[in-house]
Amino acid sequence: MGVQGTLEYFSDLLSSTKKKKKKKQIQTVALKIRMDCEGCARKVKHVLSGVKGAKSVEVDLKQQKATVTGYVEAKKVLKAAQSTKKKVELWPYVPYTMVANPYVSQAYDKKAPPNMVRKVADSANMSETTVDDRYIQMFSDENPNACSIM
């Protein structure tokens with residue numbers, strides 16, 4: 001190891017002891033916001049563009065969607081959007097090709113944009129009930145009180 005390598009080693013060693021700021025990643029936060037007119041859309045865009053770290057704000061009045069891109073956190077964007085006194089939630093829709101069973105009752109939404117469904121957990125379509133067992137027992141051959149239709 002030469003002199004240059006030794007200097008680089010000590011330089012890296014000393015710089016690693018200092019606190020390094022963690023760089024934030026550029027994120028895209030999509031929100032579903034109840035907007036009725038162009039005035040509402042302007043108000044939402046103005047409020048969301050004031051969030052620290054927001055680089056661009058897009059508002060789609062037809063889909064009731066606002067998208068914020070930049071060095072932002074979803075919680076801060078959601079809180080800023082709630083300050084407009086409008087009904088706000090994180091964008092709940094995904095393309096229907098991303099969901100295993102897009103037509104279960106929890107995923108299917110009439111108000112969803114075209115080719116989109118609500119994002120639900122994979123266990124949403126699993127519904128085990130004891131009702132099925134009662135029907136099986138009702139028509140069982142081993143049950144002396146079972147219904148026998150011939």
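Good morning. The buried residues of helix α2 are C40, A41, V44 and L48. Around the helix axis these residues span an arc of only 100°, which places them on the same side of α2. Please keep in mind throughout that this is a predicted model.

What, then, lies on the other side of α2? There we find E38, R42 and H46, which are exposed. Helix α2 itself runs over residues 38–49, 12 residues in total. From its first C-alpha to its last it reaches 16 Å, close to the 16 Å expected at 1.5 Å a residue.

Which elements cover the buried residues of α2? Among them are the strands β1, β2 (54–60) and β3 (65–70), together with helix α3 (74–82).

Let us turn to α3. Its buried residues are V77, A80 and A81. They, too, occupy an arc of only 100° around the axis, and therefore sit on the same side of α3. The face turned away from that buried side carries the exposed residues K75 and K79. The cover over the buried residues of α3 includes β1, α2, β3 and β4. Helix α2 thus appears in the cover of α3, just as α3 appears in the cover of α2.

Now the chain as a whole. It contains four helices and six strands. Reading along the sequence, one meets them in the pattern α-β-α-β-β-α-β-β-β-α. The chain has 150 residues, of which 25% count as buried. Consider next the contacts in the chain with a separation of 6 or more: residues 24 or more positions apart account for 52% of them.

One residue serves as an example of contacts between distant parts of the sequence. G70 is found in strand β3. Is G70 buried or exposed? At 0% relative accessibility, it counts as buried. Setting aside neighbours within four places in sequence, G70 is in contact with Q25, I26, Q27, G53 and K55. In addition, the C-alpha atoms of G70 and K24 are separated by 9.3 Å, although these residues are 46 residues apart along the chain.

Two residues deserve attention for their backbone angles. K85, which is not a glycine, has a positive phi of about 65°. Where is K85 found? It is in the loop between α3 and β4, and it is exposed, with a relative accessible area of 75%. The second residue is N115, again not a glycine, with a positive phi of about 60°. N115 is found in the loop between β5 (93–95) and β6 (116–118). With a relative accessible area of 57%, N115 is exposed.

I come finally to the pockets. The largest pocket has a volume of about 380 Å³. It is lined by 17 residues, and the closest to its centre are K32, Q63, Q64, Y93 and K111. Which strands each supply at least two residues of this lining? They are β1 (27–33) and β4 (88–90). How do the lining residues divide by character? There are seven nonpolar, two polar and eight charged residues.

To close, I return to the two helices. The buried residues of α2 are on the same side of that helix, and those of α3 are on the same side of theirs. Strand β1 is among the elements that cover the buried residues of α2, is among those that cover the buried residues of α3, and also supplies at least two residues to the lining of the largest pocket. Thank you for your attention.

Terms used: Residues numbered from 1 in each chain as written. Predicted model: local features only at pLDDT ≥ 70, side-chain atom pairs only at ≥ 80, totals over all residues. Heavy atoms only, no water. 1 Å grid on protein atoms, 1.4 Å probe; cavity = no way out; pocket = protein on both sides within 12 Å on 5 of 7 lines; lining within 4 Å. Points joined across faces, edges and corners; volume = space filled by probe spheres on them. Nonpolar A, V, L, I, M, F, W, Y, C, P; charged D, E, K, R; others polar. Expected span 1.5 Å × (residues − 1). Buried < 20%, exposed > 50% of the residue type's maximum accessible area, 1.4 Å probe, protein only. Arc of directions from axis to C-beta. Contact = heavy atoms within 4.5 Å.
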